[in-house]
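Biologist: I've got a protein model open and some of the vocabulary is new to me. Could we go through it together?

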Amino acid sequence: KSYVSARDLITVITTNALSGSVNYEAGTPAGLTAFDDGDAITEETGISFVKKTFTIAWMGKLIPISRILLGAEQADLMSYLDRWFVRNGIISENKDIFAALKAGYASGTPKAIAGWKALKKSITVDLDPSCLIDGVIVTNQSGFACLDEEEDADGRPVLQPNPANPTEKLFQGLPIRVFPDAQLANLSGTAYPMIYGSIRAGCTFVEHRGLEFSVSEHFAFNKNQNVLRVIEGYDVLSTDTSAYIYGSFSATPAASGVGG
């Protein structure tokens with residue numbers, strides 16, 4: 001099976017260096033300044049760039065494969081193992097990306113979101129409209145199931161199908177990307193992780209060239225085995241932490257009865 005890659009939602013930079021830095025703009029741009037012909041053009045002094053340093057960390061795995069099996073297989077075993085390596089790489093990357101988003105969240109503590117109305121209000125009030133241009137909602141299977149059961153006052157589902165992608169649903173126009181509970185764990189029994197806004201602005205993935213595959217016929221020579229190796233080097237940086245909200249989502253509280 002395949003896994004959804006969180007790196008598709010964030011900024012990805014490829015480097016040949018083992019360490020270095022990236023820069024991003026902080027704050028809110030004020031726009032250009034009007035001037036008349038012959039006047040001095042106003043010099044911008046409020047622009048603020050933030051430097052983030054990265055250090056490439058390495059991940060890898062070895063898999064021994066019988067040369068007898070490899071010679072006899074008819075089901076494209078090597079291609080399958082390549083895909084297996086990619087899937088395992090995605091699991092490691094997703095874990096580190098979600099950890100960076102949570103650790104870098106501006107307020108430190110996940111924002112409590114009780115029900116779809118609170119989520120709608122937070123999207124409208126807590127995020128700059130520019131963060132919704134490429135905005136998404138990220139949650140896990142349990143969080144999606146909870147939100148998918150929410151209904152408005154007329155009993156209509158609050159989630160809408162995405163016309164551009166029938167397998168995806170929208171909330172307030174934002175596509176919802178769902179990850180396994182095993183990769184994005186619940187915050188408690190009834191509180192689910194929900195990250196929304198411009199995650200692309202909030203997190204940067206610095207990769208060292210990409211996955212490196214290699215095969216050795218000699219590493220396990222005495223066992224008559226080939227050994228496959230995959231190595232990946234990357235770092236995950238928290239960047240514009242004001243561009244997204246890390247929320248703790250729970251179902252809309254049940255309405256209390258009115259006493260007679």
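Modeller: Sure, and keep in mind that this is a predicted model. Start inside: Ala6, Leu9, Ile10, Ile97, Phe98, Leu101, Val138 and Ile199 line the largest cavity.

Biologist: Why is that space called a cavity?

Modeller: A cavity is a set of points where a 1.4 Å probe fits but cannot get out, so that is the test this space passes. The largest cavity holds about 30 Å³ of space, and the structure has one cavity of 30 Å³ or more.

Biologist: What makes the lining of the largest cavity nonpolar?

Modeller: Check the names: Ala, Val, Leu, Ile and Phe all count as nonpolar. The lining therefore divides into eight nonpolar residues, with no polar and no charged ones. Helix H2 (residues 77-104) gives the largest share of this lining, three residues.

Biologist: What about the second largest pocket, and which residues line it?

Modeller: Its lining is made of Met59, Gly60, Lys61, Phe85, Asn88, Gly89, Ser92, Leu211, Val230, Ile231 and Glu232. Strand E4 (57-66), H2 and strand E13 (225-238) each give two or more residues to it. H2 gives the most, with four residues. The volume of this pocket is about 180 Å³.

Biologist: Why is this one called a pocket and not a cavity?

Modeller: A pocket is an open set of points, whereas the probe cannot get out of a cavity, so the word tells you that this space is open.

Biologist: How do you know which residues in the pocket lining count as charged?

Modeller: Asp, Glu, Lys and Arg count as charged, so Lys61 and Glu232 fit that group. The lining of the second largest pocket divides into five nonpolar, four polar and two charged residues.

Biologist: Now helix H3 (residues 116-125): which of its residues are buried?

Modeller: Trp116, Leu119, Ser122 and Ile123 are the buried ones in H3. Buried means under 20% relative accessible area, so each of them falls below that cut-off.

Biologist: How do you know that they line one face of H3?

Modeller: Look down the axis of H3: its buried residues fall within an arc of 120 degrees, so they line one face. An α-helix has 3.6 residues a turn, so residues three or four places apart point the same way.

Biologist: And what sits on the face of H3 turned away from its buried side?

Modeller: There you'll find the exposed residues Lys117, Lys121, Thr124 and Val125. Exposed means over 50% relative accessible area, so these four pass that mark.

Biologist: How much of the whole protein chain counts as buried?

Modeller: Of its 260 residues, 37%.

Terms used: Residues numbered from 1 in each chain as written. Predicted model: local features only at pLDDT ≥ 70, side-chain atom pairs only at ≥ 80, totals over all residues. Heavy atoms only, no water. Buried < 20%, exposed > 50% of the residue type's maximum accessible area, 1.4 Å probe, protein only. Arc of directions from axis to C-beta. 1 Å grid on protein atoms, 1.4 Å probe; cavity = no way out; pocket = protein on both sides within 12 Å on 5 of 7 lines; lining within 4 Å. Points joined across faces, edges and corners; volume = space filled by probe spheres on them.
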